[in-house]
Amino acid sequence: MSRSDVNPPSSSSNQIEGRVLRYAQMHSIVQEGFWRRFSSLKLDSLQLDESPIEIIGFYAPCSHAKVPNRLMLLEESLPSDLNGQSSSSEFSRGNRNRCSVPGIIYNMNTLESFQALDKQMLLKTEAKKIWKDICSGKAEENPATLSRFLLISFADLKKWNFYYWFAFPALVLDPPATLVNLQPARQWFSQAEGESVSAACNEWRRSSATTEVPFFLITISSNSQATVRPLKDWAHCQHDNEKLFFGFYDPSNHQNNPGWPLCNFLALICSRWGITRVNFFCYREKYGLADLGLSLVGEALLQVSEGGKDPESMPSTIGWEQNGGKSGPMCISLAQSMDPIMSAEFSAGLNLKLMRWRTLPSLNLNVLSNCKCLLLGAGTLGCQVARMLMAWGIRRITLLDNGRVAMSNPLRQSLYTFDDCHNGGDLKPVAAVRTLKRIFPAVEADSIVMSIPMPGHPVPPHESAKVLQDCAQLEKLIASHDVIFLLTDTRESRWLPTLFCANLNKIAITAALGFDSFLVMRHGAGPVIIRDEAEDTLGMSSLSTKDVDRPHRLGCYFCNDVVAPIDSTSNRTLDQQCTVTRPGLAPVASALAVELLVGILHHPDRINASGEIGNSVGGSGEQPLGILPHQIRGTFSQFSQITLIGHASHSCTACSSTVVSEYRRGGLDFVLQAINHPNYLEDLTGLTDLMKTASSYDMDWDDGTDLDDEI
């Protein structure tokens, strides 16, 4: 008996004769996880690239009489490595409910370009791939390529709207296949054949090696024994005493139409093997086992085209998915389903990621998000700096202050409101952190309530232990953070943090305000201090006394001073007690301070980067964010701004090797000595001798009279 002579049993009630074979359309479903991961890929990797991306879709045989299965896109449908286009679906191999099929996605950057795509050209391009695989025999080795699909999309990531349209390319036979008969498999097979087919299919589905193979051959011997074989075994199925069926996983639940995958399967059978009479088996399941009542068996007549196996003679193609009975794309909005905090976090980072698309491809958002910043001072500058840090994607912020919110604060200090001023005022760092979390719940903000010990403010003996405890806590805080902002409103309150930063080699940035002028500067690296070998022999290896400062080390806030910091808070009039500055000064200085930090974090030398001056030949902008100045001084009276460089002073009372070495020797006892004795730092660094030497010079001033004029 030849392959074309296999006749089904007669069943007039279900028999359908002589009509064109029609297929139940394939439908799609996209899980939210796919769009969320695609959004991340778009922002982080794809950016403006509209190149097609290989993806993986999943489907399974129909498992319910009233519900068809759909092609699914999951989070793992997208590639794990865009460069190598490797799919993360490798983790789901062997899953009987996820038969994987290859696909491709074209994502456009605008809605207009999405709408203007040449859809027929794209459909034809994907169909050519299927036809090529059929003609070359690749489809027999990897049958899943027969179900290749296409997806075009546009992702509106500002509104979380996704526009998309699926196509399932189908090769249309000319003339079309004629359906001779179609009925439930239970009616087609004898009882013995049905039991054997069910058992063979169940075994095929249980095996991890074949469960995902959606096209196969079924042979039934003369003794009713069924065997399921891969397509590549076609040559071994040519036995006259066997019935042959061409099986496929059918996602459709229709009783009068086989599923969409059969269309390309028939194209392979006709063009590759030249068969003109085909018995096909639409495999469907119930409770994970073959269901011959839901499955269909049909007979179709085919006509081999003249093109045969010619790759250039591809049949015509159809396949765009119908949405609600109409031809057109679908749109899904994820805005309402998103967790509000997750949505806020995504939106907050959107602007930063978009910056990398065209202007700053080297912007390192991981460096920014992992940076821990300590803000000393939660006043006008501290509030503005905290908000600027969050705008740059820095989420780990600690604010330190010991003040309370006064009625005069909310207008200038942007993290406080009138409600924070009641009952004597809330503690500033606590109120500031509370507001930061209201602005952006994902921020990791902490508050520290404490005062900073200051030189020139002697400590009574009974308070020494508390002050030393504050010093130790401050040093621990500085050690646990990456960047320290000095934003306090007195000069002397910046001394101890500057010393600790120099000792620990931490990035320190100072912002200071006058009435109409400001200073923003980054402190240079701390001094490099080595041990004296002679001291080592005396068992003092922990002491550091020799300075081998880096050449042209940048100075700190105190390097230009010729006096030690002293008490500036006592005996002040009302205008001196308040921060009297032009209101626009703090936002400008705060923004520059944060921009300076971002520049440091993106410079290869970080804290050791040399200072650059605007418009200088060497300070151009070799770095992506431009020059990296040492000091920025500005004035509103002239609306001017200049960049300056100041090198470290060997007599600095805060960052010189002399002071740092002495601190390493004496520890917090040295700090207490500096706090209680105003002249101690000047004597230690040689400033006292310097001032005496300067005073001893007898200056001879020119009175401006030219002797020749008197003649």
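What share of the contacts in the protein chain with a separation of 6 or more comes from residues 24 or more positions apart? In this predicted model, the share is 74%. The protein chain has 711 residues, of which 51% are buried, and it holds 20 helices and 31 strands.

**Stop 1: the open sheet.** Select strands 24, 23, 22, 25, 26, 27, 30 and 31, in that order; they form an open sheet of eight strands with mixed pairing. The edges are strand 24 (444-449) and strand 31 (640-644), each of which pairs on one side only. From one strand to the next, the twist averages 15°.

Now zoom in on strand 23 (residues 396-401). Strand 23 runs parallel to strand 24, and six bridges join the two. Pick Thr-398 and look across to strand 24: the residue opposite is Asp-446.

**Stop 2: helices on the sheet.** Add helix 10, which packs on the sheet and touches strand 22 (372-376), strand 23, strand 25 (483-486) and strand 26 (507-513). The direction of helix 10 makes about 165° with that of strand 22. Next add helix 16, which lies across strands 22, 25, 26, 27, 30 and 31. Helix 16 runs at about 15° to strand 27 (517-522).

**Stop 3: the nonpolar cores.** In soluble globular proteins, nonpolar side chains tend to be buried together. Here the largest nonpolar core has 56 residues. Show Cys-373, Leu-375, Leu-389, Phe-485, Val-520 and Leu-597, the residues with the most contacts inside this core. Helix 16 (residues 585-601) supplies the largest share of the core, eleven residues.

Centre the view on Cys-373. Leaving aside residues up to four places away in sequence, Cys-373 touches Leu-389, Ile-394, Arg-396, Ile-397, Thr-398, His-481, Val-483, Phe-485 and Leu-597. Thr-398 is thus met again here, as one of the residues that Cys-373 touches.

For the second, separate core, select Cys-99, Leu-157, Tyr-164 and Tyr-249, which are among its 54 residues.

**Stop 4: helix 8.** Select residues 340-358, the 19 residues of helix 8. From the first C-alpha to the last, helix 8 reaches 29 Å, close to the 27 Å expected at 1.5 Å a residue. Where is the kink in helix 8 centred? Go to Leu-350, where the kink is about 35°.

Then colour the buried residues of helix 8: Ser-343, Phe-346, Gly-349, Leu-350, Leu-352, Lys-353, Arg-356 and Trp-357. These buried residues pack against helix 1 (32-46), helix 9 (365-369) and helix 10 (380-391).

Note on methods. Residues numbered from 1 in each chain as written. Predicted model: local features only at pLDDT ≥ 70, side-chain atom pairs only at ≥ 80, totals over all residues. Heavy atoms only, no water. Core = buried A, V, L, I, M, F, W, Y, C linked by side-chain atoms within 4.5 Å. Buried < 20%, exposed > 50% of the residue type's maximum accessible area, 1.4 Å probe, protein only. Helix = DSSP H or I, 4+ residues; strand = E, 2+ residues; numbered from the N terminus. Contact = heavy atoms within 4.5 Å. Expected span 1.5 Å × (residues − 1). Bend = angle between axes of the 7 residues up to and from the residue. Pairing = 2+ DSSP bridges. Axes fitted to C-alpha atoms, helices over the stretch in contact; angles between N-to-C directions.
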